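These are my notebook entries on a single protein chain, written down in the order in which I looked things up. I began with the sheets and worked inward from there.

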Amino acid sequence: AHVDVPPTCEAGSSMRKIKITGLSAQVHYAATLIQDKAKEEADGSLSLPGESDPSNPINKKEMFIPDEQVGRIIGKGGTTIRQIQDLSQVHIDVAKECPPGSTERPITLTGKPEQIAAAENFIELKLRGEPLPTAAPHHGPQTEKKVMIPDDMVGRIIG
């Protein structure tokens with residue numbers, strides 16, 4: 001998904017209208033991440049309409065990968081991790097280093113349960129030295145969604 005944050009607030013407002021475009025699943029995922037960050041920063045006081053779907057939850061799962069194998073998951077220039085994310089539609093965060101006293105690095109997978117299972121399978125393939133399947137083409141209808149965010153939260157959303 002592509003996220004466009006305007007440089008200024010809406011006229012006469014302290015809110016910025018963030019535009020998210022891409023495939024429907026990508027747009028939904030990006031909006032969910034923005035919502036989660038905004039709620040986290042606002043201590044639960046900000047609610048974005050239409051994003052709560054208890055029948056289709058976004059989960060997080062942590063895996064631990066031997067430190068010497070992390071390069072297989074990331075790939076040259078990040079190509080492998082991007083391919084795994086594209087194939088599974090899961091967001092993957094790899095810790096920069098092992099926790100003290102450990103030789104394994106945590107990897108956090110964020111997505112729907114079936115997507116997380118797919119990402120775990122792709123990671124296991126790479127750890128065994130096997131190739132990943134070819135990515136499905138990104139065809140489909142483009143979707144656009146606008147989300148209003150308070151101006152003072154934009155820096156926290158962007159990072």
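Before counting any pairing, I noted the rule I was using: two strands pair if DSSP finds at least two bridges between them. I also kept in mind that this is a predicted model.

**Entry: the sheet with strand 2**

With that rule I looked up strand 2 (residues 15–23) and found that nine bridges join it to strand 6, the two running antiparallel. One of the pairs I followed was that of Ile18, whose bridge partner in strand 6 is Val147. The sheet as a whole is open, with three strands in the order 1-2-6 and antiparallel pairing. Strand 1 (2–4) and strand 6 (142–150) are at its edges with a single partner strand each, so one side of each has no neighbour in the sheet. I read an average turn of 20° between neighbouring strands of this sheet, direction ignored.

**Entry: overall inventory**

I then stepped back to the whole chain, where I listed five helices and six strands. Read from the N terminus, the elements come in the order β-β-α-β-α-α-β-β-α-β-α. Of the 159 residues, 34% count as buried, and the protein exposes about 9,400 Å², of which carbon and sulfur atoms supply 51%. Among contacts with a separation of 6 or more, 65% join residues 24 or more positions apart.

**Entry: the sheet with strand 5**

Which strands stand at the edges of the open sheet with the order 3-5-4? I first recorded that this sheet has three strands with antiparallel pairing. Its edges are strand 3 (59–66) and strand 4 (91–94), each of which has a single partner strand, so that one side of each is left without a neighbour in the sheet. Here I found neighbouring strands turned by 20° against each other on average, again with direction ignored.

I went through the pairings of strand 5 one by one. Strand 3 and strand 5 pair over eight bridges in the antiparallel sense, while strand 4 and strand 5 (residues 104–111) do so over four bridges, also antiparallel. Ile107 in strand 5 appears in both pairings: Met63 stands opposite Ile107, and Ile107 is also the bridge partner of Val94. Asp93, for its part, has Thr108 of strand 5 as its bridge partner. When I checked burial, strand 5 turned out to be mostly covered, with six of its eight residues buried.

**Entry: the helices**

Helix 4 (residues 113–127) packs on this sheet, where I found it touching strand 3 and strand 5, and its direction makes about 10° with that of strand 3.

In helix 3 (residues 79–88) I marked Thr80, Ile81, Ile84, Gln85 and Ser88 as buried. These residues lie on the same side of helix 3 because they cover an arc of only 140° around the axis. I recalled that an α-helix has 3.6 residues a turn, so residues three or four places apart point the same way. What do the buried residues of helix 3 pack against? I found helix 2 (70–74), strand 4 and helix 4 as their partners. After helix 3 comes Gln89, for which I noted a positive phi near 60°.

**Entry: the nonpolar cores**

The largest nonpolar core has 16 residues, and those touching the most other members are Ile65, Ile84, Ile92, Leu109 and Ile123. Two or more residues each come from strand 3, helix 2, helix 3, strand 5 and helix 4, and helix 4 gives the largest share, five residues. I followed Ile65 further and, leaving out residues up to four places away in sequence, found that Ile65 touches Val70, Ile73, Thr103, Glu104, Arg105, Ile107, Ile123 and Leu127. Another core, of twelve residues, lies apart from this one, and its members include Ile18, Ile34, Met153 and Ile157.

**Entry: Cys98**

Lastly I looked up Cys98, which is found in the loop between strand 4 and strand 5. Cys98 and Asp67 are 31 residues apart along the chain, and their C-alpha atoms are separated by 7.0 Å. Not counting residues up to four places away in sequence, I found that Cys98 touches Asp67, Thr103, Glu104 and Arg105.

Conventions
Residues are numbered from 1 along each chain as its sequence is written. This is a predicted model: local features need pLDDT of at least 70, side-chain atom pairs count only at pLDDT 80 or more; totals for chains, interfaces and linings use all residues. Side-chain values use heavy atoms; hydrogens and water are left out. Axes are lines fitted to C-alpha atoms, for helices over the stretch in contact, and angles run from 0 to 180 degrees between N-to-C directions. Contact means heavy atoms within 4.5 Å. Buried means under 20% relative accessible area, exposed over 50%, partly exposed in between (1.4 Å probe, protein chains only). The arc is that of the directions from the helix axis to the C-beta atoms. A nonpolar core is a set of buried Ala, Val, Leu, Ile, Met, Phe, Trp, Tyr and Cys residues joined through side-chain atoms within 4.5 Å. Accessible areas come from the Shrake-Rupley method with a 1.4 Å probe; for residues, only the protein chains shown count as cover.
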